[in-house]
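Let's walk through this model together, starting with how far to trust each part and then moving on to its sheet and its cores.

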Amino acid sequence: MITRIIIMDFGSQVTELIARRIRKSGVYCEIFPFNINLKVIKNFGASGVILSGGPYSVYDKNAPRVPNSVFDMKVPILGICYGAQLLCHQLGGIVAQSKEQEFGRAEITIKNSCLLFDKLLPLGTIQTVWMSHKDRITSVPPGFKAVATTPSSPFASFANDQRRIYGLLFHPEVAHTPCGSQLLHNFTYKVVGGRANWNMTNYKDQVIAKIRKQVGNDKVICGLSGGVDSLVAALLIHKAIDNQLTCIFVDNGLMRSGEAEEFNRLFRKQYNIPLITLNASDEFLNELEGIDNPEVKRKIIGKLFIKIFDSEAKKIGGAKFLAQGTLYTDVIESVSNINGPLVSIKSHHNVGGLPNVMKMELVEPLRKLFKDEVRALGRELGIPDNLINRHPFPGPGLAIRLIGTITKEKLSILISADSIYLDEIRKAGLYDEIWQAFVVLLPMRTVGVMGDSRTYDYACVLRAVTASDGMTADYYQFSHDFLGRTATRIVNEVRGINRVTYDITSKPPSTIEWE
């Protein structure tokens, strides 16, 4: 029997991380909005239910609720943050606004045992977790017990082993909760009794069948960006429909040094898939002239890509579908209502940046996957490591790493600085340790001294992060020798920069990209 977990989304920005961790453990799960038709849930055949966090308070007038029929399903339930508060509130406990809010790292103390914590956190253990809530559970429902506490939360975790219902005020899905993955594993395997029966081999077969069903005998064009995501999407689609696919690579003038040439060489050498290469640098730069708003930049870039794809689709005899390597990180940061009341962070050119009206339908086989899952899928497809392990590169390219208006002069400065930075990272043998590394050119100029002369040139920022999924990230801790050496090279070799800084903020509160 296939183990299936339903995640009911109440609007948390990190709901997909719950799914990612469960799928990584080998169990299939899907995310549904909290107000999904209950027939869908029943037809899904859930072995367990997880209630996500969200931006509400349970005592708000229009706060979303868990349908009572979910409790009637008699399957294990795990509530996280708002989901835990909902469980408490709807089953007879009390939730109230707290004078002491808990945001960020906190320490829980284990007071009682339960199946969820079995062989993980013994009694008396103090464990660091990640909190993000302003309300406090003051009383749990009848039959429940406190499992973990903090100085300001007497019920940081509560449980009823007999009913197999559990609540966690903290977030086990984020990397900042070290025991989080194991807690979710305990829920899936010890509480639910799940079996490991989902993997990338199965997903590959399923998505290929889905593509064939969606596309039929029609033609597809796939926009290649030079990154891993669009490449994996293209290979999946090619396996599904073979010569019905044509790939298009557009050099928009916003790429890193030598990127277009290198990708074209590697792709043509490795794969026998029709590829059209276009240089549209002038068109993109002309449209972006004078634009400093990053959201407007993304919209312009998305619109231009679609215009070019539409034109090329006609030349190959008409294509009904446009394929993209859209990931869930793109979706969750772009769209304000995916599976619930999410808050938009920024538009991605291939999601929120698309025009409202399009001639072609989208094929997005990676839309529910994270970057690490895409890489695993790429390996399953036989993509070599030199392509799979490339750092993520945004679709809008350097347009969102050049703060303010874009000119050819500033682009040249940024490309040169970025090339030096990545060269130093590779020389130091650090490339594969880092999730993403790049330079940001600031719109401000600063005073400097070179030789005996005053300079008034641009400042730049080096950014490098470690991450497993791109939803959370921390800055990479370079040595001071590395930073000093890199800064010296950039200032000496790039005319137009006289100051180099390093960004040491994590995500959250920052995003990885600056715009």
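## Confidence

pLDDT is the predictor's confidence in each residue, on a scale from 0 to 100. This is a predicted model, in which local features need pLDDT of at least 70 and side-chain atom pairs count only at pLDDT 80 or more, while totals for chains, interfaces and linings use all residues. Residues are numbered from 1 along each chain as its sequence is written, and side-chain values use heavy atoms, leaving out hydrogens and water.

The chain has an average pLDDT of 88, and 94% of its residues score at least 70. Helix H15 (residues 480–493) has the highest confidence, at a mean of 98, and helix H11 (residues 328–334) the lowest, at 63. Helices (H or I, at least four residues) and strands (E, at least two) are DSSP runs numbered from the N terminus.

## The parallel sheet

Five strands make up an open, parallel sheet, ordered S12-S11-S10-S13-S14; two strands pair if DSSP finds at least two bridges between them. At the edges, strand S12 (275–279) and strand S14 (361–363) each pair on one side only.

Five bridges link strand S10 (residues 220–224) to strand S11 (residues 245–251), and Leu224 faces Phe249 of S11.

## The cores

The largest nonpolar core (buried Ala, Val, Leu, Ile, Met, Phe, Trp, Tyr and Cys residues joined through side-chain atoms within 4.5 Å) has 110 residues, of which Ile50 and Phe117 touch the most other members. Buried means under 20% relative accessible area, exposed over 50% and partly exposed in between (1.4 Å probe, protein chains only). Helix H7 (residues 228–241) gives this core its largest share, ten residues.

A second, separate core has 50 residues, including Phe284 and Leu411.
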